[in-house]
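Reader: I have a model open and want to go through a few spots. Can you take me through them?
Author: Sure, go ahead.

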Amino acid sequence: MKELTDRVRQTARKLLDGQQVDLVLGWEKGPEPFRSQPVFIREPEEAEQLVFDEFCIHNLSTFLLDYRDGQEKIGIFVKGCDSRGVVRLIEDNQFLRERLYIIGIGCPGMKDPLAAARAASGLNGTEENEGLAAKCRECMYPNPVLYDELIGDEQPPHLEGERFAQVKKLEGMSAEERWQFFSDMFSRCIRCYACRNVCVACNCRRCIFDETRPQWVGRETNLMDNIGYHVIRAMHVAGRCVECGECERVCPVGIPLMLLNRKLIKDVNELFGPYEASLKLEEEASPPLSVYRPDDPDNFL
Ligand code: SF4
Ligand code: SF4
Ligand code: SF4
């Protein structure tokens with residue numbers, strides 16, 4: 001990865017030196033060896049801060065939301081999942097393509113910082129813990145789908161096993177078993193909203209969960225309000241989720257949120273598809289649940 005870090009630094013320096021962009025979003029080394037974190041740089045000499053290593057796991061596209069109302073031109077490094085996030089924002093009219101210079105990097109898969117730290121310390125130090133992060137073990141699109149410039153080699157999909165295997169297991173349960181499963185899962189939620197805040201598809205300026213008049217969902221951490229939160233959020237991102245796995249990655253209590261997201265991806269595929277969200281940027285493209293066709297299936301209404 002040393003070579004990729006060099007290319008990242010050279011590219012950022014070139015863009016800032018030539019005033020092609022006002023700032024660059026990339027990753028820098030964090031305070032611990034197992035952590036790389038997002039960084040925003042504005043000066044060519046700051047390009048030396050940038051890295052590309054096996055811990056650049058954050059999806060940078062969400063950070064563009066902090067700049068959506070500005071005029072600045074932004075250079076952004078993207079892996080496969082980040083690039084789909086960028087397409088999501090452009091399709092949702094949250095960001096202008098002209099304001100971006102996108103540098104794509106074929107992604108070899110990232111490691112989970114916590115698991116790597118544990119493995120190195122000898123605590124839970126299994127081989128599995130040193131492997132790819134959960135979100136990367138299920139990644140079908142590691143290569144950027146939108147870019148102005150590509151660095152590094154293209155990478156094969158990292159998907160291990162069948163994509164919807166867990167969802168099918170869930171579908172095979174009885175209604176009572178499913179209720180019990182989801183009750184156990186969502187009763188652990190502490191409603192920290194990290195999953196919403198990190199999500200590139202959760203880009204509404206006023207979120208329904210912040211509304212107080214009316215208050216659509218109670219704010220207590222009881223099972224029914226928790227389920228209300230998760231079902232509404234899942235429906236709001238249905239057909240728009242870019243499967244980046246960030247919501248599940250940041251959950252402090254380890255709730256397997258991708259299970260619900262993938263159930264909706266599978267349903268959207270079966271009802272309106274085949275469809276994969278944000279795989280390419282098409283003019284006036286709309287996700288399936290944001291358009292109406294008279295022949296849409298409606299037997300679930
Ligand atoms: S989800 Fe895919 S593109 Fe994103 S970090 Fe993991 S392997 Fe890379
Ligand atoms: S990140 Fe986890 S604990 Fe926090 S609101 Fe989301 S599901 Fe609940
Ligand atoms: S719901 Fe999760 S996987 Fe889907 S776009 Fe949002 S953060 Fe990514």
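Reader: Which helix holds Ser183?
Author: Ser183 is in helix H6, residues 175–187. Keep in mind that this is a predicted model.

Reader: Is Ser183 buried or exposed?
Author: Buried. The relative accessible area of Ser183 is 8%, and the cut-off for buried is under 20%.

Reader: How far is Ser183 from Leu223 in space?
Author: 6.9 Å, C-alpha to C-alpha. In sequence, Ser183 and Leu223 are 40 residues apart.

Reader: On to H8 and H10. At what angle do the axes cross?
Author: Roughly 45°. The axes of H8 (residues 223–237) and H10 (residues 257–272) come within 10 Å. H8 and H10 are therefore oblique to each other.

Reader: Is the crossing left-handed or right-handed?
Author: Right-handed, as H8 passes H10.

Reader: Which residues meet there?
Author: H8 brings His230, Ala234, Met235 and Val237. On the H10 side they meet Leu257, Leu260, Asn261 and Leu264. By class, the residues of this H8–H10 contact are six nonpolar and two polar, with no charged ones.

Reader: New topic, the ligands. How many residues surround ligand 2?
Author: 14. The closest are Cys189, Cys192, Tyr193, Cys195 and Cys251.

Reader: Which helices supply at least two residues each to that shell?
Author: H7 (194–197) and H8.

Reader: And how does the shell around ligand 2 split by class?
Author: 12 nonpolar, one polar and one charged.

Reader: What surrounds ligand 3?
Author: Four cysteines are easy to pick out by name: Cys199, Cys241, Cys244 and Cys247. Val242, Glu243, Gly245 and Glu246 also surround ligand 3, as do Arg233, Met258 and Asn261. Asn261 is also part of the H8–H10 contact.

Reader: Which helices contribute there?
Author: H9 (246–250) and H10 each supply at least two residues of the ligand 3 shell.

Reader: What about classes around ligand 3?
Author: Six nonpolar, two polar and three charged.

Reader: Last one, Arg88. Where does Arg88 lie?
Author: In helix H2, residues 80–91.

Reader: Why does Arg88 count as buried?
Author: Because the relative accessibility of Arg88 is 0%.

Reader: What does Arg88 touch?
Author: Leaving out residues up to four places away in sequence, Arg88 touches Val200, Ala201, Arg240, Val242, Ala277, Ser278 and Pro287. Val242 comes up again here: this residue is in the ligand 3 shell as well.

Key: Residues are numbered from 1 along each chain as its sequence is written. Chains are lettered from A and ligands numbered from 1 in the order in which they are written. This is a predicted model: local features need pLDDT of at least 70, side-chain atom pairs count only at pLDDT 80 or more; totals for chains, interfaces and linings use all residues. Side-chain values use heavy atoms; hydrogens and water are left out. Axes are lines fitted to C-alpha atoms, for helices over the stretch in contact, and angles run from 0 to 180 degrees between N-to-C directions. Helices (H or I, at least four residues) and strands (E, at least two) are DSSP runs, numbered from the N terminus. Angles under 35 degrees count as roughly parallel, over 145 as roughly antiparallel, 65 to 115 as roughly perpendicular and the rest as oblique. A crossing is left-handed if the near helix is turned anticlockwise from the far one by less than a right angle, and right-handed if clockwise. Contact means heavy atoms within 4.5 Å. Ala, Val, Leu, Ile, Met, Phe, Trp, Tyr, Cys and Pro count as nonpolar, Asp, Glu, Lys and Arg as charged, and the others, Gly among them, as polar. Buried means under 20% relative accessible area, exposed over 50%, partly exposed in between (1.4 Å probe, protein chains only). A residue is near a molecule or strand if one of its heavy atoms lies within 4 Å of it.
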